[in-house]
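Visitor: I would like to learn how the terms used for a protein structure are justified. Can you show me one and take my questions?

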Amino acid sequence: MKSLLCLPVLCLCLQAHSQETIRVGVELQPYLPYYEVQDDEYRGYARELLDAFAASRGYRFIYEPRPVQRLHRDFLSGRFDLKYPDHPLWNAEQKAGLVIHYSQPTATYLDGMLLKPSDLGQEPGRVKLLGTQNGFTPWPYLEAIRSGRMQLVQNNRIDALLRMALSNRIDAVYLNPRVAAHHLQQLGLTPDALVFAPQMGYVEDHYYLSSIRRPELIAEFDRFLLEGAEQIELMRRRHGL
């Protein structure tokens, strides 16, 4: 009888061990369908993906949103076990000397210039004022910005950037077309009020999960991506990715 009474205690101990808490640094910005933070809750494709991973391995994820630049600083200082999203090229100079572990790709993204339909077909040199979010790097246009041929206008709010482009206060926006379409609809506009201009140059790449402190979590996550490939593809489709 005494041995049997110990069983529930043992089960509780095992359950407590399996619910290891993992701190995940995430971006504090509305970036649906990829992610957003609303009413202090992390949402979107990234939340569904990371929650599914945590559940499959018995972890408890705590999401800690930060503005882009502060998120990067806190990650490099060791405040988080994981960071999402990340990319080896982002803030490469600040990462120099650190061993950072990156997962396999989690989602494809495309960033480029968005114009009013009436401005399509014009020469790239006509864009003098380019809007983008704080902390974002418009890679295809860095030379033009550094030379002074193009001026960068940054804002934390995507809806503000879109309004600036629609009212001609800036010439174009550097953004993900899927994200822009979502925000245009939120503003009561058609998703093609601003359109992607591939001839202006763009970046197509992937988002990754990263870690400095916990490389074993990245290895586990890679196995999860492989084992749950069909489930993850369904997630992407549900979120329009």
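Guide: Start with a rule: two strands pair if DSSP finds at least two bridges between them. This is a predicted model. In it, Val24 stands opposite Leu82 in β5.

Visitor: What makes β1 and β5 a pair?

Guide: Strand β1, residues 20-27, and β5 share three bridges. At least two are needed, so the two strands pair. Their sense is parallel.

Visitor: How do you know that β5 and β12 pair?

Guide: Two bridges link β5 to strand β12, residues 202-211. The rule asks for at least two, so these strands pair as well. Here the sense is antiparallel. Lys83 stands opposite Ser210 in β12.

Visitor: Why is β5 called mostly covered?

Guide: Strand β5 spans residues 82-86, and five of its five residues are buried. Buried means under 20% relative accessible area.

Visitor: Why are α2 and α8 called roughly perpendicular?

Guide: The axes of α2 and helix α8, residues 215-227, cross at roughly 105 degrees. Angles of 65 to 115 degrees count as roughly perpendicular. The value falls in that range, so the name fits α2 and α8. The residues of their contact divide into eight nonpolar, one polar and four charged.

Visitor: Which residues touch the most other members of the largest nonpolar core?

Guide: Tyr31, Phe61, Tyr84 and Met113 do, in a core of 59 residues. Helix α2, residues 45-57, gives the most to this core, with seven residues.

Visitor: What does Phe61 contact, leaving aside its neighbours within four places in sequence?

Guide: Its contacts are Ile22, Val24, Leu50, Phe53, Ala54 and Leu82.

Technical notes
Residues are numbered from 1 along each chain as its sequence is written. This is a predicted model: local features need pLDDT of at least 70, side-chain atom pairs count only at pLDDT 80 or more; totals for chains, interfaces and linings use all residues. Side-chain values use heavy atoms; hydrogens and water are left out. Buried means under 20% relative accessible area, exposed over 50%, partly exposed in between (1.4 Å probe, protein chains only). Helices (H or I, at least four residues) and strands (E, at least two) are DSSP runs, numbered from the N terminus. A nonpolar core is a set of buried Ala, Val, Leu, Ile, Met, Phe, Trp, Tyr and Cys residues joined through side-chain atoms within 4.5 Å. Contact means heavy atoms within 4.5 Å. Axes are lines fitted to C-alpha atoms, for helices over the stretch in contact, and angles run from 0 to 180 degrees between N-to-C directions. Angles under 35 degrees count as roughly parallel, over 145 as roughly antiparallel, 65 to 115 as roughly perpendicular and the rest as oblique. Ala, Val, Leu, Ile, Met, Phe, Trp, Tyr, Cys and Pro count as nonpolar, Asp, Glu, Lys and Arg as charged, and the others, Gly among them, as polar.
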